[in-house]
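Open the model in your viewer and show it as a cartoon. The stops below say what to select next and what is there.

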Amino acid sequence: MPQTVQGVIARSKGAPVELVDVVVPDPGPGEAVVQVQACGVCHTDLHYREGGINDEFPFLLGHEAAGVVEAVGEGVTEVAPGDFVILNWRAVCGECRACAKGEPQYCFATHNATQRMALTDGTELSPALGIGAFVEKTLVAAGQCTKVEDADPAAVGLLGCGVMAGFGAAVNTGGVTRGDSVAVIGCGGVGDAAIAGARIAGATTIVAVDVDARKLETAKAFGATHTVDASAEDPVEAIRALTGGFGADVVVEAVGRPETYEQAFYARDLAGTVVLVGVPTPEKQVTLPMIDIFGRGGALKSSWYGDCLPSRDFPMLVDLYRQGRFDLDAFVTERIGIGDVEAAFDKMHAGDVLRSVVVMEGAR
């Protein structure tokens with residue numbers, strides 16, 4: 001039978017979020033119902049609330065989550081009731097041209113649940129990133145559930161978006177390896193995850209760049225060997241000075257602005273790599289001399305979800321966490337209730353948190 005649970009929605013553009021009753025259908029073929037234990041408050045959720053993604057209101061917010069599978073629909077073999085899972089928004093199809101080429105991390109036809117969750121009056125909800133996890137139970141495509149070893153859901157759930165995006169930008173997209181020099185511009189949660197990924201991959205020089213002294217201090221804890229306050233000095237010159245005058249092998253831009261992308265471009269070494277993981281708004285444009293693009297060589301890449309393959313990357317990163325080698329706990333600034341999402345958005349705006357994490361009552 002369908003269940004009625006509490007969830008957080010954005011009803012209209014820019015309006016405060018609301019805690020409402022949400023009807024969750026029984027899982028159909030290829031679907032699963034997951035009892036959500038924890039869900040991070042990500043900037044993407046704020047983009048949804050502000051109408052920055054699309055206008056398919058009302059949105060059921062939340063997507064960076066972990067929990068336990070409660071029920072599965074017909075034909076589901078990937079997971080079973082009782083499995084502890086991290087939710088992902090890249091449920092690969094196995095059939096598109098990317099999957100056919102053996103590159104499922106670029107899948108162009110990812111799956112979502114076919115059915116929609118709804119308000120009690122029947123109004124269908126648009127789940128954020130096809131998940132919608134600021135809710136006690138959520139309906140997803142079974143492929144959006146990645147089974148992992150038991151761990152703190154508030155910590156490992158962050159792999160569902162921001163932490164995976166940053167880690168993957170450095171390791172998967174940027175290809176950081178032993179002895180590399182790396183610069184990360186923008187030291188929020190995604191940037192700090194890129195720093196942590198670079199450290200784990202063996203980078204020896206890791207330069208953190210930001211305009212907020214608090215964020216630079218936090219970046220040191222994740223593995224930054226040097227910090228640059230971009231409000232007080234030219235970050236390009238500073239990065240070059242810290243890398244023998246050459247520039248970094250890999251520069252991760254985690255802001256999504258033209259000026260910081262240009263800094264990333266000129267702060268890399270010849271034949272180096274720039275990785276854009278910061279999400280720009282549609283009107284942003286960057287202009288670079290073509291002779292510089294040609295003459296400097298290397299690669300200009302964008303990183304979507306850290307070019308991750310959840311079935312490969314989530315279990316590996318949870319193992320690193322359980323071994324004490326990847327401090328996911330450090331990303332969790334505060335644990336909050338499901339009714340505190342709007343206040344968490346305010347703290348995010350002020351730069352006071354890396355991640356506020358909604359922890360459901362039964363999981364505390």
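Two strands count as paired if DSSP finds at least two bridges between them. Helices (H or I, at least four residues) and strands (E, at least two) are DSSP runs, numbered from the N terminus. This is a predicted model, in which local features need pLDDT of at least 70, side-chain atom pairs count only at pLDDT 80 or more, and totals for chains, interfaces and linings use all residues. Residues are numbered from 1 along each chain as its sequence is written, and side-chain values use heavy atoms, with hydrogens and water left out.

**Whole chain**

Start with everything selected. The protein contains 11 helices and 18 strands. Its C-alpha trace spans about 65 × 40 × 40 Å along the principal axes. The radius of gyration, taken over C-alpha atoms, is 20 Å, which agrees with the value near 21 Å for a compact globule of 364 residues; the globule rule is 2.2 Å times the number of residues to the power 0.38. Of the 364 residues, 53% are buried, meaning under 20% relative accessible area with a 1.4 Å probe, protein chains only. Among contacts (heavy atoms within 4.5 Å) between residues at least 6 apart in sequence, 69% join residues at least 24 apart.

**The five-stranded sheet**

Next, select β1, residues 3-10. Which strands make up the open sheet, and in what order? The order is β7-β2-β1-β4-β8, with mixed pairing. At the edges are β7 (118-119) and β8 (126-127), each paired on one side only.

Add β2, residues 18-24. β1 and β2 run antiparallel and are joined by seven bridges; Thr 4 stands opposite Val 23 there. Then add β4, residues 59-60, which is antiparallel to β1 and joined to it by two bridges. Ile 9 has Leu 60 of β4 as its bridge partner. Finally, go to β7: two bridges join this strand to β2, again antiparallel, and Val 22 has Leu 119 as its partner.

**Helix α4**

Now select residues 162-173, helix α4. How many of its 12 residues are buried? The count is 10, so-called "mostly covered". Among them are Val 163, Met 164, Phe 167 and Thr 173. To see what the buried residues pack against, show β5 (64-72), α5 (189-201), β14 (248-253), β15 (268-276), β16 (299-302) and α10 (310-322). End at Gly 175, which follows α4 and has a positive phi, near 65 degrees.

Definitions and conventions
Buried means under 20% relative accessible area, exposed over 50%, partly exposed in between (1.4 Å probe, protein chains only).
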